[in-house]
Amino acid sequence: MIKNFIKIAWRNLLKNKGFTTINIVGLSLGIGCFVMISLYVTDELSYDKFHENAHRTYRIDSDVIFGGTELSMAVTSDPMGETIKNDYPEVESYVRFYNSNGSKLIRKGNTFINEDAVTHVDSTLFKIFSFPVIVGDPHTALVEPNSVVLTETAAERYFGSPELALGQMLETDDNNETLYEVTAVIEDIPKNSHFNFDFFFSMHNVNYGFGNFLSHNFHTYVLLREGTDYQAFNRNFREVINKYLVPQAAQFMQIDNIEEFEASGNKLEYSLFPLTDIHLYSSRDIELGVNGNIQYVYIFSGIALFILLIACINFMNLSTAKSSGRAKEVGVRKVLGSERKSLIWQFLTESSLIAYISIFVGLFFVWLTLGWFNGISGKELEFSSLLRTKFLAFLVLLPLVVGVIAGTYPAFFLSSFTPIKVLKGKLSMGPKKNTLRNFLVVFQFATSVILIIGTIVIYKQINHIQSANLGFDKDQVLVVSNAGIAGSARETLKNEIEQMVGVKSASFAGYLPVSSSSRSDTSFSTETVMTESNGFNMQHWRIDYDYIETIGMEIIAGRNFSREFGADSTAIILNETAVKLAGFEDPIGKKIYTTDENANTITRTVIGVVKNFNYESLRENVAGLSFVLGNSSWETAYRLDTSNIAGLLNTIENKYKAAVPNMPFQYTFLDTAFDNMYRQERRVGRVALSFAVLAIIIACLGLFGLVTYVAEQRTKEIGVRKVLGASIFNIVRMLSTDFVKLVALSFVIATPLAWWFMSNWLQDFAYRITLSWWIFFVTGLIALAIALITLSFQAIRAAVANPVNSLRSE
């Protein structure tokens, strides 16, 4: 019986080649998009799950509110991990990551290479994270100072192979020249890890004042024992704060306990965050890498599902469009004794056969476009991952499910024909009587309209960010690394380049208004003795005399630092937010206070106020910030004023290479670094645009199927109208009016839904666009234009047909 069903289904597909081709193209595109987005979503959900103990590994996060400033950090103090391990038996082990410099210069031959994927870690790294070791002993690899663990790629790059790397010495720029012994080589860290390092240096080589509970610079992970409830464990941190942090804080401010601190509206909390949730649910300051966003996973999952449903709806519409062609077949088979159940199975077999053909065509589409998709999404998805057991089962079941979803309605619809009416030619089912089919068209175009509106809003928000008044001038600012250059030589080199034609100004700029730059936050008070009520926290940047001019900031009160004022060594410049935090109405000349590492009071005099500028992502409001004179010479910023950027850049590079011939010339432009902060949004925009276009194409196939159905049902009516003098325009309008109404209805339904979705998305940005009416109006015009083009093709074809052919049997 099944063999017979398949044979008949195959013959019907070959008999209606045009119908079959359109169905397969629509379903193939839908299935291909669904599979591709499934690969993306599966990859996003898989982060960090490859670790053996991932289910009981957590990161310690810190949340601080002090004097109105909020800090949400992925780091904690250096003794926190060891403290909770010693005090609480639920903690089995801990490991710290420290990479404040962000990069190291490593010698290869006679030159140094700048490596960004570097960190210092504790020797307990392999107790918590499951990184397969190729050579070396993971238990002892990082126990001793001057030891380093490399990934396979790093070992091959510097020594040729992991085996040759073991026991070799690696020279870095640490403390002028520090040698590290390669004690182990591990396999490359999988891409679905929230951190990716190639070099793991021993924590013993970190030059840091250990034991300070108040300084937060370490990414700390803990391994809890089986059965431990991490949320219940979080309550222990309050005891840790009162026992260890409060006594240290009391050296700098008046405080007896955390309750007293919180009574003034402040906050200090630590919490454990699950390792497997970091990539999609964590967007804190000082993350180890750029994380994803669970919101985008939901969005893309919804898009995948809707595109697949749109493709299934196409099949329903195209199948019913051919209903009159199958009506006599159904009538004859029923008269000859076929049961309705048998007919339903026949039509479901046809839809499943088309779905299985479509899965192969769809997979070919995925194979063909996966490289392009990786390019716009920033992923490294592989087609071979579809061959894994879970995905294979998914691919086998998918066309069966699609076949049933797409074929159920046509199967029941076609099998419901009454034989006597069919054989007498009385079958007539116009669109006005088919509410379900109209609903399906509305659903298709409503989904497409939402995708179009979403894409326009994303691109408009990105353009708004790029053109917003940031409070500084990011254009034509060249930022060059001074790694490997001695302090005095840095000053000489800066001064020489500043004299070049085309260089407007120069400044040491270790702190820059982009999120990838260095940061330093410090607590201040408006009185000599800090209390929980007069203290506040803000960013504290060390700059030189030319920094504000070079970066293009604006002084709105007071003055800039000047070499003519010797007292400026104790001066401070605040931004507008910091002035509000301090509670100053007229800040110039006011004193604020802080302390050094020995608890000595430092007095600063406010000499100027700089206009607020966005030094973090535009998702966040501008926080408090202060400038003092100091050394941040690890990078130099040059404001350029020339049209020949390439020529000037080449000249500057030659200057640097002459000063340090064995060091790499590392540079970026400030506007490029700024744009990189919104790389994820641009990728989402490109992906959304691509799938919006595909959704519209598939929806148009469905609309084409519906107008084909109506034209087929009204063939004789059209012939009569033409004989009676109706013009082609009148007939096209008659066939199109009902569908234009459906498209208009879909726009009315989609507009409030799109407004709600995109309003929620925009809430992530402190500086965002307003959802203007024209966005929705333009989208409606686009949807209507696309629908009319699709309708016109088939409607005109029906209108110009010779009426003799449709009326000769009358």
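This note goes through the predicted model point by point, from the overall fold to salt bridges, aromatic pairs, one loop residue and a surface patch.

1. **Overall.** The protein chain has 810 residues, and 52% of them count as buried. It holds 26 helices and 27 strands. Take the contacts with a separation of 6 or more: 79% of them are made by residues 24 or more positions apart. The accessible surface is about 36300 Å². Carbon and sulfur atoms own 56% of that surface.

2. **Salt bridges, and a buried one to begin with.** Side chains of opposite charge can pair when their charged atoms come close. The count here is 25 salt bridges. In one of them, Arg 59 meets Glu 287, with N to O at 2.9 Å. Arg 59 belongs to strand β1 (residues 57-66), while Glu 287 is in the loop between α10 (278-281) and α11 (294-321), so the bridge ties together parts that are 228 residues apart in sequence. Is this pair buried or exposed? Both Arg 59 and Glu 287 are buried.

3. **Asp 122 and Arg 96.** This salt bridge has its closest N and O atoms 2.9 Å apart. Asp 122 lies in the loop between β7 (118-121) and α4 (125-128), and Arg 96 lies in strand β4 (residues 91-98), so parts 26 residues apart in sequence are tied together. Asp 122 is buried, at a relative accessible area of 10%. Arg 96 is buried as well, with a value of 10%.

4. **Arg 563 and Asp 546.** Here the closest N and O atoms of the salt bridge are 3.3 Å apart. The pair links distant parts of the chain, 17 residues apart. Arg 563 is in the loop between β21 (555-558) and β22 (571-575). Asp 546 is in the loop between β20 (535-543) and α18 (547-551). The two ends differ in burial: Arg 563 is exposed, with a relative accessible area of 60%, whereas Asp 546 counts as buried at 13%.

5. **A network.** Which residues do salt bridges with shared partners join into one network? They are Arg 59, Asp 61, Asp 63, Arg 284 and Glu 287. The Arg 59 and Glu 287 bridge of point 2 thus has both of its residues in this network.

6. **Aromatic pairs.** A pair of aromatic rings is described by the distance of the centres and the angle of the planes. The model has 42 aromatic pairs. Why is the pair of Tyr 667 and Phe 669 edge-to-face? Its ring centres are 6.2 Å apart and its planes stand at 85 degrees, so the pair takes that label. The cut-off for edge-to-face is over 60 degrees. Tyr 667 is partly exposed, with a relative accessible area of 40%. Phe 669 is buried, at 16%.

7. **An aromatic cluster.** Eight names are worth selecting together in the viewer: Phe 472, Tyr 511, Trp 541, Tyr 547, Phe 613, Tyr 615, Phe 627 and Trp 634 form one aromatic cluster.

8. **Charges over rings.** The charged end of Lys 104 sits over the ring of Phe 201, 5.0 Å from the ring centre. Lys 494 lies over the face of Phe 508, with 5.3 Å to the ring centre.

9. **Ser 515.** This residue is in the loop between β17 (503-508) and β18 (521-525). Ser 515 is partly exposed, with a relative accessible area of 40%. Which residues does Ser 515 contact, leaving aside neighbours within four places in sequence? They are Tyr 615, Glu 616 and Met 677. Tyr 615 also belongs to the aromatic cluster of point 7. Ser 617 is 102 residues from Ser 515 in sequence, yet the C-alpha to C-alpha distance is 6.7 Å.

10. **A nonpolar patch.** Tyr 356, Val 396, Leu 397, Leu 400, Val 401, Val 404 and Ile 405 form a nonpolar patch on the surface. Together they have about 560 Å² of accessible area. Which helix gives the most to the patch? Helix α14 (residues 389-415) does, with 6 residues. Val 401 is found in α14. At 44% relative accessibility, Val 401 counts as partly exposed.

How values were computed. Residues are numbered from 1 along each chain as its sequence is written. This is a predicted model: local features need pLDDT of at least 70, side-chain atom pairs count only at pLDDT 80 or more; totals for chains, interfaces and linings use all residues. Side-chain values use heavy atoms; hydrogens and water are left out. Rings of Phe, Tyr and Trp (its six-membered ring) pair if their centres lie within 6.5 Å; planes under 30 degrees apart count as stacked, over 60 as edge-to-face and the rest as tilted. Buried means under 20% relative accessible area, exposed over 50%, partly exposed in between (1.4 Å probe, protein chains only). A charge sits over a ring if NZ of Lys or CZ of Arg is within 6 Å of the ring centre and within 35 degrees of the ring normal. Helices (H or I, at least four residues) and strands (E, at least two) are DSSP runs, numbered from the N terminus. Contact means heavy atoms within 4.5 Å. Patches are made of residues with over 30% relative accessible area and no salt bridge: like charges are joined within 9 Å, nonpolar side chains (Val, Leu, Ile, Met, Phe, Trp, Tyr) within 5 Å. Accessible areas come from the Shrake-Rupley method with a 1.4 Å probe; for residues, only the protein chains shown count as cover. A salt bridge is a side-chain nitrogen of Lys or Arg within 4 Å of a carboxyl oxygen of Asp or Glu.
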